[in-house]
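Student: I should like a close look at the aromatic rings in this model. Please explain how each term is defined as you proceed.

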Amino acid sequence: MIISLINHTNGKVSDEDLQKAIRAINRQISYDFAPYWSLSADLRLEGRSEKKPSEHTLADMRGDAVIYMWDHIDVDDALGYHDRNDRGIPFGFVFLDLASDLEEPWTVTLSHEALELIGDPETNLFAVGPHPKDGRHHVFHWYEMCDAVQDERYLIDGVEVSNFLLPLYFTASAERGGRNDFLGRRHNGKTLLSFGVNPGGYIGFYDPAKKRSGEFFCGGRSKGRTRAEGQEEREGRATVRKVFAPDQAHLGLSHL
């Protein structure tokens, strides 16, 4: 999978700095992410021929998907933070002002979105797991690679990248001693549980009992809430999931 990266930051991020980030994130994908998920991709910087891409046109894409670096949230025609256009091509946006609101480097946001684009390019995968608040009934969890640990990061070649989940995270009965996220950091003496959330993170889900989507945040008004609200402002991930979730629930989707 090749992900075309288009620089629409109007000089706020230079191509040279973007290439440095691309090199680090490609290393993250190849050496950290792919060995666990058996999914891979390469980010590749492309030129820019259009001023305002939309879900209808992806003129500068040269690969299988595209991510746009954008200086601020003003893309009225874009369907979401990462989604697919009306030709079925996965695409995403990294908004510099949203990264600033999240108080995280844009490289972490780019890493976050790239990994999630690889993990669920069609934004239509779910995993059955316990309700995050009471655990008494099952819900359909969004298949997101980074949201639950999005406040955690690490360095590759001096570039900060996002922590991410491992496949065992999406299992209701995790293996004894198994690892659920790449960094495995301890909070209150414990590592991340399956379908759990670390401080600063959040998870989204569809509740078939209530027939609606929901979110669970760890740490009050966290970065997770800021990211989720930013997505909803652009008819983003939550809205897309609401569209697909009833059909998935009707099919009785099992563990992925």
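Tutor: The answer below begins with ring pairs and then follows the aromatic residues to a helix and to a cavity. Residues are numbered from 1 along each chain as its sequence is written, and side-chain values use heavy atoms, leaving out hydrogens and water. The model is predicted: local features need pLDDT of at least 70, side-chain atom pairs count only at pLDDT 80 or more, and totals for chains, interfaces and linings use all residues.

Rings of Phe, Tyr and Trp (its six-membered ring) pair if their centres lie within 6.5 Å; planes under 30 degrees apart count as stacked, over 60 as edge-to-face and the rest as tilted. This rule gives 17 aromatic pairs. In one of them, F126 and F140, the ring centres are 6.4 Å apart and the planes stand at 85 degrees, so the pair is edge-to-face. F126 belongs to strand 6 (residues 126-130) and F140 to strand 7 (residues 138-142), so that the pair links distant parts of the chain, 14 residues apart. Helices (H or I, at least four residues) and strands (E, at least two) are DSSP runs, numbered from the N terminus. F126 and F140 are buried, where buried means under 20% relative accessible area, exposed over 50%, and partly exposed in between (1.4 Å probe, protein chains only).

A second pair has another geometry. The ring centres of F164 and F182 lie 5.0 Å apart with planes at 20 degrees, so this pair is stacked. F164 and F182 each lie in the loop between strand 9 (159-162) and strand 10 (202-207), so the pair ties together parts that are 18 residues apart in sequence. F164 counts as buried because its relative accessibility is 0%; F182, at 18%, counts as buried as well.

Both rings of the stacked pair also belong to one aromatic cluster, formed by F33, Y36, W37, Y143, Y154, F164, Y169, F170, F182 and F195.

Two members of this cluster lead to helix 1. F33 and W37 are among the buried residues of helix 1, including L18, A21, I22 and I29. The cover over the buried residues includes strand 1 (2-8), strand 2 (42-46), strand 3 (65-70), helix 3 (106-119), strand 8 (153-156) and strand 9; contact here means heavy atoms within 4.5 Å. Helix 1 (residues 15-37) has a kink of about 35 degrees centred on I29, the bend being the angle between axes fitted to the seven residues ending at a residue and the seven starting there. Just after helix 1, S38 takes a positive phi of about 55 degrees.

Two other cluster members lead to a cavity. On a 1 Å grid over the protein atoms alone, a cavity is a set of points where a 1.4 Å probe fits but cannot get out, and lining residues have an atom within 4 Å of a point. Grid points are joined across faces, edges and corners, and a volume is the space filled by probe spheres set on the points. Two cavities of 30 Å³ or more are found in the whole structure, and the largest has a volume of about 70 Å³. Its lining consists of H141, W142, E144, D147, A148, L165, Y169, F170, Y202, I203 and G204. Strand 10 gives the largest share of that lining, three residues. Seven lining residues are nonpolar, two polar and two charged; Ala, Val, Leu, Ile, Met, Phe, Trp, Tyr, Cys and Pro count as nonpolar, Asp, Glu, Lys and Arg as charged, and the others, Gly among them, as polar.

Note on methods: On a 1 Å grid over the protein atoms alone, a cavity is a set of points where a 1.4 Å probe fits but cannot get out, and a pocket is an open set with protein on both sides within 12 Å along at least five of seven lines; lining residues have an atom within 4 Å of a point.
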